[in-house]
Amino acid sequence: MSACKNSFFIPIDEIYLQFFYFFLKIKFIFAVRTNDDMQLNHISILNYKNIQEADLSLSPKLNCFIGSNGEGKTNILDAVYFLSFCKSANNSVDSQVIRHGDDFFVIQGQYVSEQDDAEDIYCGMKRGTKKRFRRNKKDYKKLSEHIGLIPLVMVSPDDAELISGGSEVRRKFMDVVISQYDREYLDALIRYNKALLQRNTLLKMEEEPDWTLVSLWEEQMAIEGDKISMQEPNLSRRSCLFFRSFINLYRQSTRLLNSNMFRTDREAICLM
């Protein structure tokens, strides 16, 4: 791993936790898979952020990276996140994740299901072109078709707003969770957000907006909003199951951090 030359990688087979965990003094970031159907066995990263090249075979359980600040540990997690969501967790402009001085980036992950079915996920992008996303060497027609294949949830230190912030922050977090296992919810959410953007664009125009168009977009928002609301009874039950699992993993991770395994002066990041 070129960007992490002073880091070292430890696969830990003895510990079975379904989570990613990053610990830096009082800060942490971790992500929880919503099911255990897909296991990342291998990831190749090329020219992604500060990582020039990384080629990692991963344990089916817990994997730990230890190194100094700025060596690319968090960017490894972000690359894994990219393979699930077709975008970076903390940068909405795809061209900005290309390593400085290079013209392209590539991330490729090899997954396997509990039934031993192999899944090869590829993402690549050249400057000035659209990113390409492939599943088993076949391009997606729409990137939204990929969402939910590899469920993932990431929580970073900045997400303290989930507790201290307003309801909009918490709703956005839940939208990310729910959209991965409910296709109808995701499709309705995409259409709702598109209609919302179009309506707001019209209202922000300097000249008088076309109120007929505004009404059409608001009607579309009402239709999609009703579809989203209709899913809420089932979503509440599923969300409770998710957060029970989430809390259990948090307790397990706390015990892990208190163990001798992480007695180090260097930063540690773990993924599972």
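Two strands pair if DSSP finds at least two bridges between them, and that is the idea to keep in mind on this tour of a predicted model.

Begin by selecting strands S7 and S8, which form a hairpin with four residues between them. Within that turn, pick out Asp116, where phi is positive at about 65 degrees. Now colour residues 104-113, which make up S7, and residues 118-126, which make up S8; the two strands run antiparallel and are joined by nine bridges. To see one of these pairings, select Phe104 and then its bridge partner in S8, Lys126.

Next, keep S7 in view and add strand S4, residues 38-48, which runs antiparallel to S7 and is joined to it by eight bridges. One pairing to look for here is that of Leu46 with Val106, its bridge partner in S7. If you then display the surface, you will find that S7 is mostly covered, with seven of its ten residues buried.

For the last stop, move to helix H3, residues 167-179, and select Ser179, which lies in this helix. Is Ser179 buried or exposed? Its relative accessible area is 5%, and because buried means under 20%, Ser179 counts as buried. Leaving aside residues up to four places away in sequence, Ser179 touches Ile147, Tyr185, Leu186 and Leu189. Finish by drawing a distance between the C-alpha atoms of Ser179 and Ile147, which are 32 residues apart in sequence and 7.7 Å apart in space.

Technical notes: Residues are numbered from 1 along each chain as its sequence is written. This is a predicted model: local features need pLDDT of at least 70, side-chain atom pairs count only at pLDDT 80 or more; totals for chains, interfaces and linings use all residues. Side-chain values use heavy atoms; hydrogens and water are left out. Buried means under 20% relative accessible area, exposed over 50%, partly exposed in between (1.4 Å probe, protein chains only). Contact means heavy atoms within 4.5 Å.
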